[in-house]
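Me: I'm new to reading protein models, and I'd love a close look at the salt bridges in this one. Please go slowly and explain each term as it comes up.

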Amino acid sequence: MKIACIGEVMIELSLMGDSREALVGVAGDTFNTAVYLKRTVASHEVSYLTVLGTDSFSDQVVERIAAEQIDVSGIARTPDRVPGLYAIKTDENGERSFTYWRDQAAARLLFSPEIGPTLDDLRHFDVLYYSAISLAILPAEARDRFLSLLMEFRSMPGKRVAFDSNYRPRLWASQAEAQQYIAEAWRQCDIALPSIDDEMDLFNDENEDAALQRLQQYGLTLGALKRGASGPLDLGDPASSPACTPVDQVVDSTAAGDSFNGAYLARLLDGATPQQAARAGHDCASLVVQHRGAIVDISQG
């Protein structure tokens, strides 16, 4: 399988408790997913598509992506921009808080006429994966261009699109704008990876059943509704969802959903049933949340 993950990679400052020291890393939601996808099934050909600058931090990002055996030939470079930056703190319960510096990040140039990618760049992939963050960072005209490309891509035999509605209100002009674009993204989706908290926050669903019914109205029958410690629900057959045990202690919930997506997609695209894929996703996420940072060594534990 040839899989392209599309979005933004940022420089990550992980603050250590109350100290002023920070670990410097590289992370971003779709990049995190690409890492766990490749680590779970190494035979998949995983590529990352983004835009970076020509500065030393951009070089560091490219080196970090390539170190995970992820193809970087689809990364565009521009001398006029640099990567985004964010700082992350976690409390004693493993919950996260973020501060971002990303308004002029190079990734915001994705799907511009000058940068691309174009349909010709995408057509050799079997699966495209992106998130609502990938959409939110783009200007409106680039979002529209991207969604049109997805429609054309899906019309080709054997092509599929996977999507995660990773809703971050501060990236959108309004909730209504986010609802419009994310609903359209669900309509252009073959493998759905929503999170219950994001869906309820964005669409004002009264409860889990209402969110599930709304998602199914988009025609989504393949994928999983992520519910944290409660375990995922299979979108096609919720009654067949695997029973999952929560971890005893969450150290850092960063990348819980991203790692689930990576392992889920890896196993599903390798021939596993949706239920087997959901189990793999939950197991991967359970391991990740017991360690600090978005990218951890999944051989631990």
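**Salt bridges, and the parts around them**

Reply: Let's start with R123, which counts as partly exposed because its relative accessibility is 37%. (Buried means under 20% relative accessible area, exposed means over 50%, and partly exposed is in between, with a 1.4 Å probe and protein chains only.) D120 has 55%, so this residue counts as exposed. The two side chains meet in a salt bridge, with 3.1 Å from N to O. That term stands for a side-chain nitrogen of Lys or Arg within 4 Å of a carboxyl oxygen of Asp or Glu, and by this rule the count comes to 14.

Before going on, please note that this is a predicted model, in which local features need pLDDT of at least 70 and side-chain atom pairs count only at pLDDT 80 or more, while totals for chains, interfaces and linings use all residues. Residues are numbered from 1 along each chain as its sequence is written, and side-chain values use heavy atoms, leaving out hydrogens and water.

Now look at D198 and R168, whose side chains form a salt bridge at 4.0 Å, N to O. D198 sits in helix 7 (residues 196-203) and R168 in the loop between strand 10 and helix 6 (175-187), so the pair ties together parts 30 residues apart in sequence. (Helices, H or I with at least four residues, and strands, E with at least two, are DSSP runs numbered from the N terminus.) D198 is buried at 11% relative accessibility, while R168 is partly exposed at 27%.

Helix 7 gives us another partner: E199 forms a salt bridge with R214, their closest N and O atoms being 2.8 Å apart. This pair links distant parts of the chain, since R214 belongs to helix 8 (residues 208-217), 15 residues away from E199. Both E199 and R214 are buried. Elsewhere, R39, R64 and E68 are joined into one network by salt bridges that share partners.

To practise the word "buried" a little further, try helix 9 (residues 256-268). Ten of its 13 residues are buried, so the helix is mostly covered. Among the buried ones are F260, Y264 and L268. Their cover includes helix 1 (29-40), strand 9 (127-131) and helix 10 (274-288).

Strand 4 (residues 45-49) is mostly covered too, with four of its five residues buried. Strand 1 (residues 2-6) pairs with strand 4 in the parallel sense over five bridges; pairing requires DSSP to find at least two bridges between the strands. One of the bridge partners to find is V46 in strand 4, matched with I3.

Technical notes: The expected span of a helix is 1.5 Å times one less than its number of residues. Contact means heavy atoms within 4.5 Å.
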